[in-house]
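The following paragraphs walk through one protein chain, beginning with a detail of its backbone and moving on to the interior and the overall fold. Please keep the structure open alongside the text.

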Amino acid sequence: MTMPDNSKTSSAVDRHWRNLSPRDQRPQVQIRTLRQQLATAHLFWREVGGVEQPPLVLLHGTRVGPSLASQPAEGSQWLPVLELLADRCRGFAIDLPGCGESSWTPPATRLGSKTAPFQASIAEYVRVLADWQATVRLDRFWLAGHSIGAWIASRYALAYPDQVAGLVILAPEGVGLSGDAGDQQRRHQAAGRGSWTRFRLRLGASAQTRQEIAAIKAFCQASPAIGRLLYGRSAQDFTQERLDEVLGGLACPVRILAGTADDAAADARAKTYAALAHQSHLTVIPTTSPDLLASNPEAIADSLASAMGMAAPF
């Protein structure tokens with residue numbers, strides 16, 4: 001049974017996002033908070049709209065901002081967009097397990113006399129989302145994801161094509177990069193694999209690289225589940241779940257949103273994703289910073305509403 005959350009407190013990230021937009025005078029939107037115990041996770045989400053409206057599920061990204069030093073993200077990352085869409089859809093902004101107020105509750109796995117740490121994968125997040133979908137009893141719905149949320153959303157659409165009416169993708173993780181950006185991506189993944197690896201990476205490294213390694217270490221301590229997912233797995237495990245070879249199998253329309261101020265890596269990922277997904281359309285929206293969600297939530301909300309209102313694929 002889904003339990004309403006009666007807590008009156010809001011997280012620091014909630015307050016961060018609410019303080020970003022004093023420029024507008026939006027009417028107060030009632031945002032419901034709910035919790036549900038699932039087989040392997042305790043899930044928390046924010047919800048707006050009514051059951052008669054088209055459903056939209058929003059999956060947050062890795063960090064609140066574009067910097068490696070930014071704090072871990074949670075579902076409240078989508079609050080500015082969720083509030084703008086409250087009268088147009090039934091929106092759900094989920095805290096992914098291990099983030100915000102959601103947590104993993106897997107059965108204990110023992111190796112000898114010790115309990116092995118739980119190692120999440122993208123497939124595990126997809127299974128939790130499917131479990132949640134069955135609990136709230138959604139039929140076909142739109143799925144939007146930012147960063148790691150885009151990776152999970154894409155894998156979900158591939159696994160459950162009959163459930164997903166369409167995808168909206170922002171700054172996707174899970175697609176490969178080439179050149180200097182690819183080298184940096186591989187270095188960041190290696191930096192999370194333990195102190196010995198970090199020590200070797202620091203040898204002869206530039207000041208910038210040492211700062212990146214320190215930021216990744218801090219992130220993995222602040223968000224262990226997502227840290228292990230992005231940085232703590234072997235290159236083989238990481239590569240097996242990448243999207244490059246499978247995006248052509250998406251059966252739904254896909255809108256990729258990019259910003260005019262995106263950094264080079266985010267711009268490259270968006271273009272790679274658009275090239276690999278057949279029913280895709282890349283939309284560039286005006287932004288003033290690489291933080292796409294915070295920079296122009298109005299344009300993102302309009303793009304989501306436009307995508308959901310289309311009767312046919314692009």
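At 22% relative accessibility, A171 falls in the partly exposed class, because that class begins where the buried class, under 20%, ends. The model in which this value was computed is a predicted one. A171 sits in the loop that runs between β10 (164–170) and α5 (179–191), and its backbone has a positive phi of about 40 degrees although the residue is not a glycine. Such a value deserves a remark, because most residues other than glycine have a negative phi.

A second residue invites the same kind of inspection. R137, which is likewise not a glycine, has a positive phi near 60 degrees, and it belongs to the loop between α3 (122–136) and β9 (141–146). R137 is exposed, with a relative accessible area of 71%, whereas A171 counts as partly exposed.

From these loops the reader may turn to the interior. Which residues of the largest nonpolar core touch the most other members? Within this core of 55 residues, they are V57, L59, Y125, W132, L143, L167 and Y273. Helix α3 contributes the most to this core, supplying eight residues. The surroundings of Y125 can be followed residue by residue: once its neighbours within four places in sequence are set aside, Y125 is in contact with L96, P97, W104, A120, I152, A225, I226 and L229. A second core, separate from this one, has 27 residues, among them L85, A165, L292 and L304.

L304 leads on to helix α12, where it is one of the buried residues, together with P297, A299, I300, A301, S303, A307 and M308. Residues three or four places apart in an α-helix point the same way, because there are 3.6 residues a turn. Helix α12 covers residues 297–309, and its 13 residues reach 18 Å from the first C-alpha to the last, close to the 18 Å expected at 1.5 Å a residue.

Seen as a whole, the chain has twelve helices and twelve strands, and 52% of its 314 residues count as buried. Of the contacts in the chain with a separation of 6 or more, 75% are accounted for by residues 24 or more positions apart. The accessible surface of the chain comes to about 14300 Å², and carbon and sulfur atoms hold 52% of that area.

Definitions and conventions
Residues numbered from 1 in each chain as written. Predicted model: local features only at pLDDT ≥ 70, side-chain atom pairs only at ≥ 80, totals over all residues. Heavy atoms only, no water. Helix = DSSP H or I, 4+ residues; strand = E, 2+ residues; numbered from the N terminus. Expected span 1.5 Å × (residues − 1). Buried < 20%, exposed > 50% of the residue type's maximum accessible area, 1.4 Å probe, protein only. Contact = heavy atoms within 4.5 Å. Areas by Shrake-Rupley, 256 points an atom, 1.4 Å probe, with all protein chains shown as cover. Core = buried A, V, L, I, M, F, W, Y, C linked by side-chain atoms within 4.5 Å.
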